[in-house]
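User: Could you take me through the helix packing and the empty spaces in this model? I'd like the reasoning behind each label.

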Amino acid sequence: MSQTVRTRPEGSGQALSEAYDTALLDLDGVVYAGGDAIAHAVDSLATARAGGMHLAYVTNNALRTPDAVAGHLTELGIPTVASDVITSAQAVARLISEQVPAGSRVLVIGGEGLRVALRERGLEPVDSAEDEPVAVVQGYGGPDLTWSRFAEACYAIARGVPWFASNTDLTIPGARGIAPGNGAAVEVVRIATGAEPQVAGKPLPPMHRETILRTGAERPLVVGDRLDTDIEGAFNGEVDSLLVLTGVTDGAQLLAAPPRHRPTYVDADLRGMLTGQPEVVEAGDGFRCGGWTATAGADALELTGEGEALDGLRALCAAAWTAAGEGVCELDGGKALARLGL
């Protein structure tokens, strides 16, 4: 896939909720954190929906069913039905169904979300390597998933059964902090077997395909907080993206982003869906956005001016990404970000 290397965030004269027909929203760190709605999320999503934008919720977490996710969002004040939710469990179930006969047994190392998704595709979930499965699927099963479940996966894989994973996120956010995610569990089985799974979730194409099939989006906008899943997934799908700074990504990580991790737009939170986006323009040897001008010095990124902090961050992105080209910016952006309070 050949794509133009992004060297600055884009501007938009239209509100993003008007420029795109469907928002493909990540959940953790975007809509909620620790189970509670993030500030401005409920009102922003209601306004976008009232204006005609279709909202779809796309998650790599394979534990909960779409019904459960929709119920949680509705409780938070975001009316949602199960068909609005797309999970990595659904994506991996489709991937498996395309490679095995209908009615096949699949060994499940994970939770109810995987079981429901497999049944939806006409496959039979089983719990033991002795049940003669034709595939193994591994997804996040919650903090109480026992070591014996990983052993069942290893027994089946050692017999030549193909292995699938819903996603490989190493971490998952929770109310008390960052915990091991499905990717950490996948590493346990990988080390024990030496095998490699077929992976469906973000940022890989099967998840994007599942999302487009289920939503029918023609002008989708991916909205996320993670560069290595949400933004890279948009890059792989060749669609635009909005990074919100309510989750795991900070300013330093954004400035150092390689091309596949550079979002189309950057904003503080989901209110960014409801507005246009300021343009970043060349200004001499640097880049200007709002009242800020950013340049790439010999050893560090430099920032002059004053104004909205996000405009300064956008200008810094342009200076950093232009200096990096197809690589990673190694210039120190610490002082510039400190000026912005980021």
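Analyst: Here is a run through the helix pairs, the pocket, the cavities and two backbone details. Keep in mind that this is a predicted model.

User: Why is H4 called oblique to H5?

Analyst: Helix H4 (residues 88-97) and helix H5 (residues 112-120) pack at an angle of about 40°, with 8 Å between their axes. Roughly parallel needs an angle under 35 degrees, and roughly perpendicular runs from 65 to 115. The angle of about 40° fits neither range, so H4 is oblique to H5. As for handedness, the crossing of H4 past H5 is right-handed.

User: What makes the contact between H4 and H5?

Analyst: On the H4 side there are Ala89, Gln90, Val92, Ala93 and Ile96, and H5 brings Gly113, Leu114, Ala117, Leu118 and Glu120. Sorted by class, that contact of H4 with H5 has seven nonpolar residues, two polar and one charged. Gly counts as polar in this scheme.

User: Why is H4 described as roughly perpendicular to H8?

Analyst: The axes of H4 and H8 cross at roughly 100° and come within 9 Å. The roughly perpendicular range is 65 to 115 degrees, and roughly 100° falls inside it, so H4 counts as roughly perpendicular to H8. From H4, Ser88, Gln90, Ala91 and Arg94 take part in the contact, and from H8 come Pro206, Met207, Arg209, Glu210, Leu213 and Arg214. By class, the contact of H4 with H8 splits into four nonpolar, two polar and four charged residues.

User: What makes H6 and H7 oblique to each other?

Analyst: Same kind of check. H6 and H7 pack at about 45°, and their axes are 10 Å apart. With roughly parallel ending at 35 degrees and roughly perpendicular starting at 65, H6 and H7 are therefore oblique to each other. H6 passes H7 in a right-handed crossing.

User: Which residues make the contact of H6 with H7, and how do they divide by class?

Analyst: H6 puts in Trp147, Phe150, Ala153, Cys154 and Ile157, while H7 puts in Ala185, Val188, Val189, Ala192 and Thr193. The split for H6 with H7 is nine nonpolar, one polar and no charged.

User: On to the empty spaces. What makes one a pocket and another a cavity?

Analyst: It comes down to access: a cavity is space where a 1.4 Å probe fits but cannot get out, while a pocket is an open set. The largest pocket here has a volume of about 590 Å³. There are also two cavities of 30 Å³ or more.

User: What lines the largest pocket?

Analyst: Its lining has 32 residues, with Tyr140, Gly142, Pro143, Ile172 and Pro173 nearest the centre. Helix H3 (66-75), H6 (147-158), strand S10 (171-174), strand S11 (177-180) and H7 (182-193) each give at least two residues to the lining of the largest pocket. By class, that lining has 17 nonpolar, twelve polar and three charged residues.

User: How big is the largest cavity, and which residues are closest to its centre?

Analyst: The largest cavity holds about 230 Å³ of space. It is lined by 20 residues, and the closest to its centre are Asp28, Asn60, Asn61, Asp169 and Ile172. S10 and helix H9 (227-237) are the elements that give two or more residues to this lining, and S10 gives the most, with three. By class, the lining of the largest cavity has five nonpolar, eight polar and seven charged residues.

User: What about the second largest cavity?

Analyst: About 150 Å³ of space lies in that one. Of its 15 lining residues, Val58, Lys202, His208, Val222 and Asp230 are closest to the centre. Strand S1 (22-25), H8 (205-215), strand S13 (220-224) and H9 each supply at least two lining residues. The classes in the second largest cavity come out at eight nonpolar, four polar and three charged.

User: Lys202 came up there. How do you know what its peptide bond to Pro203 looks like?

Analyst: From omega: the value is near 10°, and the bond from Lys202 to Pro203 is cis. Pro203 sits in the loop between strand S12 (198-199) and H8.

User: And what stands out about phi of Glu132?

Analyst: Phi of Glu132 is near 55°, which is positive in a residue other than glycine. Glu132 is in the loop between strand S7 (124-126) and strand S8 (135-138).

How values were computed. Residues are numbered from 1 along each chain as its sequence is written. This is a predicted model: local features need pLDDT of at least 70, side-chain atom pairs count only at pLDDT 80 or more; totals for chains, interfaces and linings use all residues. Side-chain values use heavy atoms; hydrogens and water are left out. Axes are lines fitted to C-alpha atoms, for helices over the stretch in contact, and angles run from 0 to 180 degrees between N-to-C directions. Helices (H or I, at least four residues) and strands (E, at least two) are DSSP runs, numbered from the N terminus. Angles under 35 degrees count as roughly parallel, over 145 as roughly antiparallel, 65 to 115 as roughly perpendicular and the rest as oblique. A crossing is left-handed if the near helix is turned anticlockwise from the far one by less than a right angle, and right-handed if clockwise. Contact means heavy atoms within 4.5 Å. On a 1 Å grid over the protein atoms alone, a cavity is a set of points where a 1.4 Å probe fits but cannot get out, and a pocket is an open set with protein on both sides within 12 Å along at least five of seven lines; lining residues have an atom within 4 Å of a point. Grid points are joined across faces, edges and corners, and a volume is the space filled by probe spheres set on the points.
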